[in-house]
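Please load the model in your viewer and keep the selection tool at hand. The tour below moves from one selection to the next and says what is to be found at each stop.

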Amino acid sequence: MRIRDLGVIDDAVVELAPGFTAVTGETGAGKTMVVTSLGLLLGGRADPGLVRNGSERAVVEGRLQLPPGSPVAARAVEAGAELDDGALLISRTVSAEGRSRAHVGGRSVPVGLLAELGEDLVAVHGQTDQQRLLRPARQRGALDRYAGGSVAEPLTRYREVYRRLREVSSTLEELTTRARERAQEADLLRFGLDEVAAAEPVAGEDEGLSAEAERLGHADALSSAATLAHAALAGDPADPEALDAGTLLAQSRRALDAVRHHDERLAALADRLNEVGYLLADVAGDLAGYADDLDADPVRLAAVEDRRAVLSQLLRKYGGPENSLAEVIAWAEAGSARLSELDGDDERIDELGARETALRGELAELAAEVSAARQAAAGRFAAAVSAELAELAMPHARVTFAISQVDDLSGIEIEGRTVAYGPHGVDEVEVLLAPHPGAQPRPIAKGASGGELSRVMLAVEVVFAGADPVPTYLFDEVDAGVGGKAAVEIGRRLAKLAESAQVVVVTHLPQVAAFADRHLVVEKTNDGTVTRSGVKVLTDEERVRELSRMLAGLEDSELGRAHAEELLAAARTPRHR
């Protein structure tokens with residue numbers, strides 16, 4: 001991590017080791033700026049007062065090595081970031097005017113994304129910043145991981161049943177809430193289908209009726225025209241003297257037949273007149289038949305118009321773009337299928353209701369199994385953390401888990417109570433602390449002072465070591481108010497935690513710093529006008545001098561150096577770790 005123009009730090013590079021890194025330095029040298037820098041990288045509040053006097057902005061840059069398949073890497077890539085050989089580069093800039101900018105993997109991102117990534121990257125424990133395990137949801141998740149298979153197996157089955165119950169309940173709710181709309185739709189469909197069924201339309205029927213109505217409506221005119229046309233072609237019986245087309249045609253044929261043998265061309269014309277004669281006779285006969293068959297029938301005309309009116313009403317209500325009876329018939333077929341579906345919903349509601357009841361019962365059994373496993377794991381956890389606290393100068397502190405359920409009439413029934421449920425079960429989980437005998441257990445955020453809280457969280461993290469996926473822990477002032485043997489125990493437990501995670505500790509106790517795998521010191525220099533700090537990685541000899549300063553206040557005191565060397569040797573002895 002590189003820090004520029006933040007507080008008293010001018011320009012410094014903080015090289016953190018994979019194991020346990022201790023950060024020490026004189027009071028006022030800027031140790032807190034290391035914690036502040038990491039907080040800025042994790043989306044913490046940007047205070048323009050942090051910008052070094054005379055600078056326009058403060059900049060913190062960090063390089064995070066992420067394991068393959070890390071959800072943090074996936075989320076960063078989703079936001080547009082690019083990884084650098086498996087590492088993620090994060091930067092945060094704070095201007096003296098208060099503006100703040102964040103970059104992840106070379107891409108400008110909202111500061112909120114840094115906080116989101118930080119949730120799974122670093123657990124911060126300090127007197128003013130206890131981020132992660134103070135939230136009940138995180139505490140429940142940590143307890144479940146601590147419990148292992150005893151909770152994971154029934155919880156996996158519970159979540160599958162919970163998913164199925166949600167699907168059934170959602171479908172049932174949709175059908176139930178839409179019952180009124182479905183009933184109205186069914187009534188409209190029944191009315192329409194009854195109307196179509198009563199009319200019994202036939203495709204194309206309306207076109208035939210239209211032609212029939214046209215003919216019946218003009219029967220007199222049609223009969224008169226046919227009679228006149230027949231008389232013109234075949235003669236009028238009432239006037240035998242009148243010439244007609246048939247008589248004139250016969251005269252023409254006789255005239256040609258008399259001379260046709262003299263000219264083939266004229267003979268052909270005579271043949272064509274013969275054909276015309278046959279056609280004329282056929283048309284005259286058809287006209288006579290048409291006139292005889294045609295009859296003005298007012299009763300039939302009224303029936304046709306009534307039928308057309310019925311069909312017209314069906315077309316207006318149920319016809320489609322082409323306004324045809326075929327579309328009306330198609331609508332009736334689709335409506336009948338939809339009505340069957342709607343009528344079947346009542347049976348489906350009954351079936352879904354029975355399935356929902358069965359799933360609720362199954363879910364309640366699994367929830368009770370998960371709760372029992374959590375209770376058992378909570379007892380083991382509480383005993384282990386209380387034992388850790390006894391070694392951290394809190395001998396009378398007791399940690400317990402409050403595992404409770406919330407009454408909810410719409411929930412599931414467990415042991416005679418109807419309680420709320422969710423994807424994680426029915427339990428509300430919270431870690432409580434009673435710091436001394438007679439004290440009422442309270443949530444750990446309220447039951448301990450700042451220094452005590454850091455020690456409580458250290459004890460919790462040590463017990464949870466390996467069960468929680470967060471790869472880095474930062475402790476600030478975890479040793480506040482302790483010394484002597486208790487300080488040694490804090491250092492030992494931090495070293496133990498560092499076996500499974502990266503641990504960074506800002507400390508003023510040499511007993512804690514001696515257990516570190518890497519020791520950083522924040523140094524302050526003053527040229528008479530400007531005060532600045534830098535961060536330095538100490539060699540073994542420099543560690544002895546720094547521990548001697550922390551022990552005796554004198555870097556070169558022989559007694560202090562001897563004590564520091566003894567402390568380092570003891571911390572490196574496996575049995576002390």
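Before the first stop, a word on terms: axes are lines fitted to C-alpha atoms, for helices over the stretch in contact, and angles run from 0 to 180 degrees between N-to-C directions. Keep in mind throughout that this is a predicted model. The protein chain has a mean pLDDT of 83, with 92% of its residues at 70 or more. If you colour the chain by confidence, you will find the lowest mean, 72, in helix 13 (residues 444-447), whereas the highest, 93, belongs to strand 11 (residues 417-419).

**First stop: a pair of helices**

Select helix 7 (residues 205-217) together with helix 11 (residues 298-318), whose axes come within 9 Å of each other and cross at roughly 145°. This crossing of helix 7 and helix 11 is left-handed. To see where they meet, show the side chains of E205, D206, L209, S210, E212, A213, L216 and G217 in helix 7, and those of R300, L301, V304, E305, R307, R308, L311 and L315 in helix 11. Sorted by class, this contact is made of seven nonpolar, seven charged and two polar residues.

**Second stop: E195**

Now move to helix 6 (residues 179-199), where E195 is located. Is E195 buried or exposed? Its relative accessible area is 18%, so E195 counts as buried, the cut-off for that class being under 20%. Apart from neighbours within four places in sequence, the residues in contact with E195 are Q313, L314, K317 and Y318.

**Third stop: I9**

Next, select strand 2 (residues 9-13), which contains I9. Because the relative accessibility of I9 is 0%, this residue counts as buried. Add I3, R4, G30, M33, R52 and S533 to the selection, since I9 touches these residues when those up to four places away in sequence are not counted. You may also draw a distance from I9 to V535, which are 526 residues apart along the chain, while their C-alpha atoms are separated by 8.6 Å.

**Last stop: helix 17**

Finally, select helix 17 (residues 540-552), whose 13 residues reach 18 Å from the first C-alpha to the last, close to the 18 Å expected at 1.5 Å a residue. Within helix 17, the buried residues are R543, V544, E546, L547, S548, R549 and M550. Showing the surroundings will bring up what covers them, including strand 3 (20-25), helix 16 (510-513), strand 16 (518-526) and helix 18 (558-572). Just after helix 17 comes G553, which takes a positive phi of about 80°.

Definitions and conventions. Residues are numbered from 1 along each chain as its sequence is written. Side-chain values use heavy atoms; hydrogens and water are left out. Helices (H or I, at least four residues) and strands (E, at least two) are DSSP runs, numbered from the N terminus. A crossing is left-handed if the near helix is turned anticlockwise from the far one by less than a right angle, and right-handed if clockwise. Contact means heavy atoms within 4.5 Å. Ala, Val, Leu, Ile, Met, Phe, Trp, Tyr, Cys and Pro count as nonpolar, Asp, Glu, Lys and Arg as charged, and the others, Gly among them, as polar. pLDDT is the predictor's confidence in each residue, from 0 to 100. Buried means under 20% relative accessible area, exposed over 50%, partly exposed in between (1.4 Å probe, protein chains only). The expected span of a helix is 1.5 Å times one less than its number of residues.
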